[in-house]
Amino acid sequence: QQARVLHNWVSTKKMALSGTENDFVVVGTFNFGFPGEKVNDKARENPAYTSLSGNGLLTFPLKAVWEKDPAAFTYAGDWVDNDRLMDGFALSKPAVRHYVAGSAQILRVDKKFADLDEYRSEISSHLPVIARFKTNFED
């Protein structure tokens, strides 16, 4: 359901902004993993991801992080059993040219705290995700 709502929102925005500003970034907790990610030792299918990434609707730069390190996750702590990259961002097709390829990273700030429970209660149960963008384009 989340993917359907997001797909409709992005499609509506693309039509409304057609010919003006088409670059946008969607940031949030998507709560889905990538197709092929193993859950309980089975590679998952992911219709939510497929519907959002199909036809170039949105690009998810954290997919490259997962492909490089399938054990990567955005949840604070050292273990999570599924939906490893819940948090992140998605780019509209025109916004991809602003993204610096390979710059998406998960910051393990939870490791700076001696007490993981303190991090989770005082900061967040999730980890920050960062990326670099070039903004020197005219549009």
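The following is a short working chat about this predicted protein model.

Me: Before the details, what are the conventions on numbering and pLDDT?
Reply: Residues are numbered from 1 along each chain as its sequence is written, and side-chain values use heavy atoms, with hydrogens and water left out. The model is predicted, and local features need pLDDT of at least 70, side-chain atom pairs count only at pLDDT 80 or more, and totals for chains, interfaces and linings use all residues.

Me: How many helices and strands are there in the protein?
Reply: The protein has four helices and seven strands. These are DSSP runs numbered from the N terminus, helices being H or I over at least four residues and strands E over at least two. Along the sequence the pattern reads α-β-β-β-α-β-α-β-β-α-β.

Me: And what share of the residues is buried?
Reply: Of the 139 residues, 35% are buried. Buried denotes under 20% relative accessible area, exposed over 50%, and partly exposed the range in between (1.4 Å probe, protein chains only).

Me: What area does the protein expose?
Reply: The protein exposes about 8,600 Å², and carbon and sulfur atoms supply 52% of that area. Accessible areas come from the Shrake-Rupley method with a 1.4 Å probe; for residues, only the protein chains shown count as cover.

Me: What percentage of the contacts join residues at least 24 apart?
Reply: Among contacts between residues at least 6 apart in sequence, the figure is 69%. A contact means heavy atoms within 4.5 Å.

Me: Turning to the sheet, what is the strand order?
Reply: The order is β1-β5-β4, an open sheet of three strands with antiparallel pairing. Because β1 (25-29) and β4 (58-59) stand at the edges with a single partner strand each, one side of each has no neighbour in the sheet. Two strands are taken to pair if DSSP finds at least two bridges between them.

Me: How many bridges join β1 and β5, and how many join β4 and β5?
Reply: β1 and β5 pair over five bridges, while β4 and β5 pair over two. In β5, Phe89 stands opposite Val27. Leu91 is the bridge partner of Thr59, and Ser92 stands opposite Leu58.

Me: Is β5 mostly covered or uncovered?
Reply: β5 is mostly covered, with six of its six residues buried. Asp87, Phe89 and Leu91 point one way from the strand, and Gly88, Ala90 and Ser92 point the other way.

Me: Where does Val27 contribute to a surface patch?
Reply: Val27 joins Val25 and Phe133 in a nonpolar surface patch of about 260 Å². Patches are made of residues with over 30% relative accessible area and no salt bridge; like charges are joined within 9 Å, and nonpolar side chains (Val, Leu, Ile, Met, Phe, Trp, Tyr) within 5 Å. Phe133 is in the segment after β7 (129-130), and Phe133 is partly exposed at a relative accessible area of 34%.

Me: Different topic: how many salt bridges are there?
Reply: The structure holds two, a salt bridge being a side-chain nitrogen of Lys or Arg within 4 Å of a carboxyl oxygen of Asp or Glu. One links Glu67 and Lys63, whose closest N and O atoms are 3.3 Å apart. Because these residues are four apart in helix α3 (residues 62-68), Glu67 and Lys63 are separated by about one helical turn. Lys63 is partly exposed, at 23%.

Me: What about Asp110 and Arg108?
Reply: Asp110 forms a salt bridge with Arg108, with the closest N and O atoms 2.9 Å apart. Asp110 counts as buried at 4% relative accessibility, whereas Arg108 counts as partly exposed at 29%.

Me: Which residues does Ser103 touch?
Reply: Leaving aside residues up to four places away in sequence, Ser103 touches Ile130, Ala131 and Arg132. A polar atom of the Ser103 side chain lies 2.9 Å from the backbone nitrogen of Arg132. Ser103 belongs to the loop between β5 (87-92) and β6 (105-106), and Ser103 is buried, with a relative accessible area of 7%.

Me: Last one: which residues does His7 touch?
Reply: Not counting residues up to four places away in sequence, His7 touches Ser51, Leu52 and Leu57. His7 is found in helix α1 (residues 2-17) and is partly exposed at 27%. His7 and Ser53 are 46 residues apart in sequence, with 9.3 Å from C-alpha to C-alpha.

Note on methods
A polar contact is a pair of N or O atoms within 3.5 Å; within protein, one must be able to donate a hydrogen and the other to accept it, and residues adjacent in sequence count only if both atoms are side-chain atoms.
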